[in-house]
Amino acid sequence: MGKKLKWSWSSAIIGAASAVAATALLAAKPKDPTFHLISINFTSLKLNLPLLDAEVLLTVHVTNPNIAPIHYSSTSMSIFYEGSLLGSAQLQAGSQPPRSCQLLRLPAHLHALQLAHHAVRFAQDVANRHMTLDATVDIAGTARVACWDHHFKVHVDSHVTVDPVFLDVIDQENTSQLQIFTAAA
């Protein structure tokens, strides 16, 4: 008939421990954070003769899907219109707990001179109530896992369509790429 298999508790424990270790490694694999622009609000207009510059507040929803808390340094987000630098938003240094969501409010300064360079296109966008902006930012920081700090950089590219009249976010596509730096041996 066939050989009778002998049950071994040590083999069962080793197999269960291996399965737990493999699951822990898969859960600990770093994941890219997600970013979504929630709103754009005017805060002020600054007279910059002969034009007006705008101060706006960007509200961004950030999700840290990882099992480690992160600490990041200050940086600046570049905002583009039709390939020209329209302005920048400031991200202050901060931190975020593991597996959490957070709303960030980023003050931004937009230069009207750049819109003036694209006056015809901007007028069409206002008439169509459909304006496309691009933004890029590199965020550097550390993630503490056990007793070690791991340095990382996240590069985020955003492609956002807004209503230039009411500043409603119509559509957006955000991509982020996480790069982790290991300590040199």
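## Close-up views of a predicted model

**View 1. R121 and its two acidic partners.** With a relative accessibility of 38%, R121 counts as partly exposed. Like everything in these views, this residue belongs to a predicted model. R121 forms a salt bridge with E82, and the closest N and O atoms of the two are 3.3 Å apart. This pair connects distant parts of the chain: R121 sits in helix α3 (residues 119-128), while E82 sits in the loop between β4 and β5, 39 residues apart. E82 is itself partly exposed, because its relative accessibility is 43%. Now follow R121 to D125, its other partner here: this is also a salt bridge, with the closest N and O atoms 3.5 Å apart. R121 and D125 both belong to helix α3, and because they are 4 residues apart there, about one helical turn separates them. D125, at 2% relative accessibility, counts as buried. Taken together, E82, R121 and D125 are linked in a network of salt bridges.

**View 2. The rings of Y81 and F122.** How many aromatic pairs does the structure hold? There is 1 aromatic pair. The ring centres of Y81 and F122 lie 6.4 Å apart and the ring planes meet at 90°, so the pair is edge-to-face. Here too, distant parts of the chain are linked, since Y81 belongs to strand β4 and F122 to helix α3, 41 residues apart. Are the two residues buried or exposed, or in between? Y81 is buried, with a relative accessible area of 1%, whereas F122 counts as partly exposed at 25% relative accessibility.

**View 3. D163 and the salt bridge to R129.** The structure has 3 salt bridges by the rule used here, and one of them joins the side chains of D163 and R129, at 2.6 Å from N to O. D163 lies in the loop between β9 and β10 (169-181), and R129 in the loop between α3 and β8, so the pair ties together parts that are 34 residues apart in sequence. D163 is buried, with a relative accessible area of 6%, while R129 is partly exposed, at 36%. What else does the side chain of D163 reach? It comes to 2.8 Å from the backbone nitrogen of V165. If neighbours within four places in sequence are left aside, D163 is in contact with R129, D168 and I170.

**View 4. The β9 and β10 hairpin.** Stay with the same stretch of chain and look at the strands on either side of the loop that holds D163. β9 and β10 pair in the antiparallel sense, over 12 bridges. For a handy landmark along the pairing, find H155, which stands opposite Q177 in β10. The two strands form a hairpin with 6 residues between them. One turn residue to pick out is L167, which has a positive phi of about 60°.

**View 5. The largest nonpolar core.** In soluble globular proteins, nonpolar side chains tend to be buried together. The largest nonpolar core of this model has 34 residues, and those that touch the most other members are F35, I40, L58, M77, I79, A89 and L106. Which elements give two or more residues to this core? They are β1 (34-48), β2 (51-64), β3 (70-72), β4 (75-81), β5 (84-91), β7 (100-110), β8 (131-145) and β9 (148-162). β8 gives the most, with 6 residues.

**View 6. The surroundings of A89.** A89 is one of the core residues that touch the most other members, and it is worth a view of its own. Not counting residues up to four places away in sequence, what does A89 touch? Its contacts include L58, M77, I79 and L106, each of which is also listed with A89 among the core residues that touch the most other members. The remaining contacts of A89 are T75, S76, P107 and A108.

**View 7. W9 in helix α1.** For the last view, turn to helix α1 (residues 9-28), where W9 has its place. W9 is exposed, because its relative accessible area is 62% and the cut-off for exposed is over 50%. To place W9 against another part of the chain, compare its position with A68: the two are 59 residues apart along the chain, and 35 Å separates their C-alpha atoms.

Definitions and conventions:
Residues numbered from 1 in each chain as written. Predicted model: local features only at pLDDT ≥ 70, side-chain atom pairs only at ≥ 80, totals over all residues. Heavy atoms only, no water. Core = buried A, V, L, I, M, F, W, Y, C linked by side-chain atoms within 4.5 Å. Buried < 20%, exposed > 50% of the residue type's maximum accessible area, 1.4 Å probe, protein only. Contact = heavy atoms within 4.5 Å. Salt bridge = Lys/Arg side-chain N within 4 Å of Asp/Glu carboxyl O. Polar contact = N/O pair within 3.5 Å; in protein donor to acceptor, adjacent residues only side chain to side chain. Pairing = 2+ DSSP bridges. Phe/Tyr/Trp six-rings, centres within 6.5 Å; stacked < 30°, edge-to-face > 60°.
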